Amino acid sequence: MDFNVKKLASDAGVFFTRAVQFTEEKLGQAEKTELDAHLENLISRGDGTKNWTEKILRQTEVLLQPNPSARIEEYIYDKLDKKLPSKATNAELLGQYMLDAAAEFGPETPYGSTLITVGEYQKRLGGAERELLHTSATTFLTPLRNFLEGDWRTISKERRLLENRRLDLDICKARVKKAKQAEAKAAAEHELRVAQTEFDRQAEVTRLLLEGISSTHLNHLRCLQDFAEAQATYYAQCHHYMQDLQRELSSGPASAAICPNPVSSAFLSGPSIGAAVSSSSSSSSNQKPRTPTMEQMQLPVTGARKAKVLYDYDAHDVSELSLLADELITVYTVLGMDPDWLIGERGNDKGKVPVTYLELLS
């Protein structure tokens, strides 16, 4: 107990001495050793990296999880090193409510069957969102947190040691100036040399750590690319699911009870296709119009060009063309087509392809 009291008193004395020294430096009454320009630039760059990393991390968390209560819960589980219980996303909950409602209203009714269709796709959207959250947390958020809680803490600790070494060095310089007797001056000069050596050694350690910020930037660059790729995949999946949903709704039982979907029928608005549909309707008024095959698409083409496929795509009917990632195909449009689709050609194969799965080349 006696030792702790002495240590506490010693620490208080050091703190008071440091406070006085800082005050004198601010007032210009005490000498202050300046760091070299290179080290000062590294410190400034390190502070900027730390501050912006914190802001980007926090805002990304808000983007991925807008609910502040949920973010706090995730933070607590992370600090306790426990796995957060798996929870359904909002889209998955909505999908399940639709399925439950369909069971009550009757799955054989137009409303009930449509609820089932839309509910299933909502659950798929929720699954895609869950994958985005998992991938973003693993490849982007975790590396940013590791830097702030690991590397930056080490840098901050060494910077505090450097500041203490600088203060000790300045005190020794002041003692040398105040020493009058030869013996006292020799002792003060010895302390100054020791303090200078310790300061130089700590400055070198701090410099090496701060120079590692360049590697941190490269690592965060890769993480940023992974995050953007995860977002691109997520939005492409959502667009794909919604196109499939529109297609199913336009051909499902509910389409007979409501007006046709103009977006789904935009592809059938061309003169040649319209004539084919009109002919089909006149021959059998009870049959629904069918999506024309590629052989029926004789409309003028515009802007034929090459395109690179970004993602795999499985055709849903004979009018579409399946795609493989990274392959090159020829694409063009025809009058009256839905702007979200193009006609793609690969050798003798031809069919509709979604624009979002392509990178158009000049």
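Buried residues make up 31% of the 362 residues in this protein, where buried means under 20% relative accessible area, exposed over 50% and partly exposed in between (1.4 Å probe, protein chains only). The model is predicted, so local features need pLDDT of at least 70 and side-chain atom pairs count only at pLDDT 80 or more, while totals for chains, interfaces and linings use all residues. Residues are numbered from 1 along each chain as its sequence is written, and side-chain values use heavy atoms, with hydrogens and water left out.

**Exercise 1. Take stock of the fold.**

Task: Find how many helices and strands the protein has, and in what pattern they follow each other.

Solution:
- Step 1. Helices (H or I, at least four residues) and strands (E, at least two) are DSSP runs, numbered from the N terminus.
- Step 2. Counting them gives eight helices and five strands.
- Step 3. Along the sequence they read α-α-α-α-α-α-α-α-β-β-β-β-β.
- Step 4. Now look at contacts, meaning heavy atoms within 4.5 Å. Of the contacts with a separation of 6 or more, 69% join residues 24 or more positions apart.

**Exercise 2. Check the span of helix α5.**

Task: Work out what span α5 should have, and compare that with the separation of its end C-alpha atoms.

Solution:
- Step 1. Helix α5 covers residues 110-178, which is 69 residues.
- Step 2. The expected span is 1.5 Å times one less than the number of residues, and for α5 this comes to 102 Å.
- Step 3. The end C-alpha atoms of α5 are 97 Å apart, which agrees.
- Step 4. Follow the helix axis as well: α5 has a kink of about 45 degrees, centred on Ala137. Here the bend at a residue is the angle between axes fitted to the seven residues ending there and the seven starting there.

**Exercise 3. Trace the nonpolar cores.**

Task: Find which helices supply the largest nonpolar core, and which residues have the most contacts inside it.

Solution:
- Step 1. A nonpolar core is a set of buried Ala, Val, Leu, Ile, Met, Phe, Trp, Tyr and Cys residues joined through side-chain atoms within 4.5 Å. In soluble globular proteins, nonpolar side chains tend to be buried together.
- Step 2. The largest core has 36 residues, and Leu39, Phe140 and Leu210 have the most contacts inside it.
- Step 3. At least two residues of this core come from each of α2 (37-64), α4 (90-105), α5, α6 and α7 (213-251).
- Step 4. Helix α5 gives the largest share of this core, 16 residues.
- Step 5. Another core, of 18 residues, lies apart from it and includes Tyr311, Val331, Val334 and Met337.
- Step 6. Zoom in on Phe140: leaving aside residues up to four places away in sequence, Phe140 touches Ile56, Thr60, Thr135, Cys223, Leu224 and Phe227.

**Exercise 4. Pair up the charges.**

Task: Say which residues Arg159 and Glu211 each meet in a salt bridge, and where the partners sit in the chain.

Solution:
- Step 1. A salt bridge is a side-chain nitrogen of Lys or Arg within 4 Å of a carboxyl oxygen of Asp or Glu. The structure holds 14 of these salt bridges.
- Step 2. Arg159 pairs with Asp47, and their closest N and O atoms are 2.6 Å apart. This pair links distant parts of the chain, with Arg159 in helix α5 and Asp47 in helix α2, 112 residues apart.
- Step 3. Arg159 is partly exposed because its relative accessibility is 23%; Asp47, at 28%, is also partly exposed.
- Step 4. Glu211 meets Arg207 in a salt bridge (2.6 Å, N to O). These two are four residues apart in helix α6, so about one helical turn separates them.
- Step 5. There is a network too: salt bridges link Arg58, Glu61 and Arg145.

**Exercise 5. Read the hairpin and a loop.**

Task: Describe how β3 and β4 are joined, then find where Asp326 sits.

Solution:
- Step 1. Two strands pair if DSSP finds at least two bridges between them. Strands β3 (residues 341-346) and β4 (residues 349-354) run antiparallel and are joined by six bridges.
- Step 2. One of the partnerships is Leu342 with Val353 in β4.
- Step 3. The two strands form a hairpin with two residues between them, and Gly347 in the turn has a positive phi of about 65 degrees.
- Step 4. Asp349 and Arg346 meet through their side chains in a salt bridge (3.8 Å, N to O).
- Step 5. Asp326 lies in the loop between β1 (301-309) and β2 (328-334). Its phi is near 80 degrees, a positive value in a residue other than glycine, and Asp326 counts as exposed because its relative accessibility is 55%.
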